[in-house]
Each structure stands twice: as C-alpha cells, then as structure tokens.
Amino acid sequence: RTFVVASALVLGLAAIPAASFAQQAAPAGAPAPETPATVADVASLAGEWALNMQSPMGPSTSNLTLTAADGKVAAEISSEMIPKTTITQIFKNGTNLVLKYSVDYQGQAIPVILTLTPKDDGVTANFDFAGGQFLMDGTGTKKKV
C-alpha cells in the first residue's frame, strides 16, 4: 500500500513540469497579449470622455481623460464616488485599451481594470473591481471641447 501511494506521488510530481508547459502554450486563436500602449495606440481616443455605466447599484458616470503626447500615454479618472486618480498602466490588447489602477476604498487599495473598446464614435467600457468582485458595463462618449 505504501508503494502504491509513493508511486502515485512520484508520478504526480513528474507530471507537474508537463502540465506547467501545457498551461504556458497559448491556444490557437487566443487573443493577443497585452502590450504597453503607445502614443499611436491612444491618439484616436485622446481627449475627455464621459463613461456612463450601469451596475447592480444603479447608474453612474465617470470622467476619463486620456492623453498621448511627448511619447507618453497617461489617463486620469474621477467620479462622484472616487476622487481624481492618475492611471499610468495603460495597455493595448487587440483593439482594446486596458487601463489598470487602484482606488482607495475605506483604507483598502482596490485593483481596477477598465477595458475600453472603440465602437463607432464612442467606446464600450467595462470596469472590473477587485478581480471580478464588482463589475460595471456601459458606454463612453467623447466630450465636446
């Protein structure tokens, strides 16, 4: 009986490298990996945006400013509930722009991923708070300046 348990353990440990390699290989047709966004990636979306969102708690609006100048991309976001927050982690994933930042909620840093997908004259916007714990979807329209 000890031999059977030890053999199973050895075989299980031997399978770990193979399983790890299998997980690292991207499946065919997988989406493009995130890459740091360039000025060219953000140029068409640069400006001030109103993101009108729907959530289980009701509607909300966030103000997003995207900039692409001097070889740098940056963003700032604010809403009634969240003070102005600077976003420096901006990525491109296929046609999506992915912004990653944290907000302070009662002394806790909550990670946020905002995904913007260009659509017609606007964007679709998806917020993911705390790794899927709270989600909001909506649309964004560029403000007239």
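Reader: What makes β2 and β3 a hairpin, and how many residues lie between them?

Author: In this predicted model, β2 and β3 form a hairpin with two residues between them. Strands here are DSSP runs of E with at least two residues, numbered from the N terminus, and β2 covers 47–55 while β3 covers 58–69. Two strands pair if DSSP finds at least two bridges between them; β2 and β3 have nine bridges, in the antiparallel sense, and within this pairing Ala50 stands opposite Asn63 in β3.

Reader: What should I know about the numbering and the cut-offs of the model?

Author: Residues are numbered from 1 along each chain as its sequence is written. The model is predicted, with local features needing pLDDT of at least 70 and side-chain atom pairs counting only at pLDDT 80 or more, whereas totals for chains, interfaces and linings use all residues, and side-chain values use heavy atoms, with hydrogens and water left out.

Reader: How do you know that β8 pairs with β7 and with β9?

Author: Nine bridges join β7 (residues 96–105) to β8 (residues 108–119), and eight join β8 to β9 (residues 122–129), so both counts satisfy the requirement of at least two bridges. Ser102 has Pro111 in β8 as its bridge partner, and Lys119 has Gly122 in β9. Each pairing is also a hairpin with two residues between the strands: the turn between β7 and β8 holds Gln106, with a positive phi of about 50°, and the turn between β8 and β9 holds Asp120, with a positive phi of about 55°.

Reader: Why is the sheet called open, and which strands stand at its edges?

Author: The 10 strands form an open sheet with antiparallel pairing, in the order β1-β6-β7-β8-β9-β10-β2-β3-β4-β5. The strands β1 (35–36) and β5 (85–87) stand at the edges with a single partner strand each, so one side of each is left without a neighbour in the sheet. Further inside that order, β10 (residues 134–142) is joined to β9 by seven bridges and to β2 by six; Thr139 in β10 is the bridge partner of Thr124 and of Asn52.

Reader: What makes a set of residues a nonpolar core, and which members touch the most others?

Author: Such a core is a set of buried (under 20% relative accessible area, 1.4 Å probe, protein chains only) Ala, Val, Leu, Ile, Met, Phe, Trp, Tyr and Cys residues joined through side-chain atoms within 4.5 Å. The largest one has 25 residues, and Leu51, Leu64, Leu66, Leu99, Leu114, Leu116 and Phe127 touch the most other members.

Technical notes: Helices (H or I, at least four residues) and strands (E, at least two) are DSSP runs, numbered from the N terminus. Buried means under 20% relative accessible area, exposed over 50%, partly exposed in between (1.4 Å probe, protein chains only).
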